[in-house]
Amino acid sequence: MDEVKRLLEGFADRAAEGLPDADIDADVTRGRVALRRIKRRRRVTGVLCVAAASALVLSIGNQVKWWGNGNEVAGGPPEQETASASATPATPATKPRTSPSSSQTMSMFGASVVELVANKQAWSAFDCTLAPKGWSPETPMTATRVVLSQPEMRTADSAAKVVLQAAPQARSLSKVRVTDASGKTFHIGTLDGRLAGQVKLSDQWLLVELPTGTVEWPDDVLRRFLDSCTVK
C-alpha cells in the first residue's frame, strides 16, 4: 500500500494543468476499502465453492451407495432371518391323553361303565348270578364256551363280544394283575390284545375275554363278574 501511495504522489506532481490537486490520503483510504471488499468477496466465494463441492461429493456418494444397495437387493441372495424373527410363537405342547388303567373307574374319564345286573338266564355249563346289562348269550352255547353280545352287534366277529370259556388249565396272560378276594385268586391281564380275566373254580379255570379296545370294564367290575360265576 505504501508503494501505491508513492505512485499516486508521483502522478500528483505531474498533474495536468487545470485539474484540481489530488487528495492522496482520500484515494489511499478508498483503495484500502476497495481492497478489503475484494478480499471479503474472495473469502465468501471460496467458502461457497468448498460447500458446493462437498455437497456434490456427498450427493454422488449417496447415489453410488443407493445404486449399490439396489443391485444387492435385485441380484444378491436374500438375507436370512434371525432365529428370533423366524421362530414361530411357541405353541403349547399338546398333552397326551392319559389312558385309564383297567383298575380305575371309567366314570372318572367320562366313559360309561358296564352295569352288572341280576342274571335270570341259564348259560349252559356256566352259572353266573350277574350279567352285563344289555348283553345276552348267543346260540348255540356249548359246554365250555358262551358268547355274550348286544342286539346291535350280532356278527361273526367275536373280538367285539364277551367270551366265557372253561378249561382245565389256566391261560398265559400278559401284564397280569393278581388280586385275592372272597377266597379266590383273580388274574387280570391281556390275552391276544384283549383285556381278560380268569379265576380257578374247583377243578376248572374260568376265562372271560372282553371286547377288543374296551374301556368299560374296570378291574373291580370284571372281578365281581368272575366272582358271580361257577362252572358246572
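Two strands count as paired if DSSP finds at least two bridges between them, and the strands themselves (E, at least two residues), like the helices (H or I, at least four), are DSSP runs numbered from the N terminus. The model on screen is predicted, so local features need pLDDT of at least 70 and side-chain atom pairs count only at pLDDT 80 or more, while totals for chains, interfaces and linings use all residues. Residues are numbered from 1 along each chain as its sequence is written, and side-chain values use heavy atoms, with hydrogens and water left out.

Begin by selecting Ser-136, which stands opposite Ser-149 in E5. Here E4 and strand E5 (residues 145-149) pair in the antiparallel sense over two bridges.

Widen the selection to the open sheet, in which seven strands follow the order E4-E5-E6-E10-E9-E8-E7 with antiparallel pairing. Its edges are strand E4 (136-137) and strand E7 (174-181), each of which pairs on one side only.

Next, select helix H4 (residues 219-227), which lies across E5, strand E6 (162-167), E7, strand E8 (184-191), strand E9 (194-201) and strand E10 (204-209), and which runs at about 125° to E8. That angle, on a scale from 0 to 180 degrees, is taken between the N-to-C directions of axes fitted to C-alpha atoms, for helices over the stretch in contact, where contact means heavy atoms within 4.5 Å.

Now show the largest nonpolar core, a set of 28 residues; such a core consists of buried Ala, Val, Leu, Ile, Met, Phe, Trp, Tyr and Cys residues joined through side-chain atoms within 4.5 Å. Those with the most contacts inside this core are Trp-123, Leu-164, Leu-206, Val-208, Trp-217 and Phe-225. Two or more residues each come from E2, E5, E6, E8, E9, E10, H4 and E11, and the largest share, four residues, comes from H4. Within the selection, pick out Trp-123, Trp-217 and Phe-225, which form one aromatic cluster.

Finally, select Cys-128 and Cys-229, which form a disulfide (a pair of cysteine sulfur atoms within 2.5 Å), with their sulfur atoms 2.0 Å apart. The pair links distant parts of the chain, joining Cys-128 in strand E2 (residues 126-128) to Cys-229 in strand E11 (residues 229-231), 101 residues apart. The torsion about the S-S bond is about 115°, so the disulfide is right-handed. Cys-128 is buried, with a relative accessible area of 3%, and Cys-229 is buried as well, at 0%; buried means under 20% relative accessible area, with a 1.4 Å probe and protein chains only, whereas exposed means over 50% and partly exposed lies in between.

Terms used. Rings of Phe, Tyr and Trp (its six-membered ring) pair if their centres lie within 6.5 Å; planes under 30 degrees apart count as stacked, over 60 as edge-to-face and the rest as tilted.
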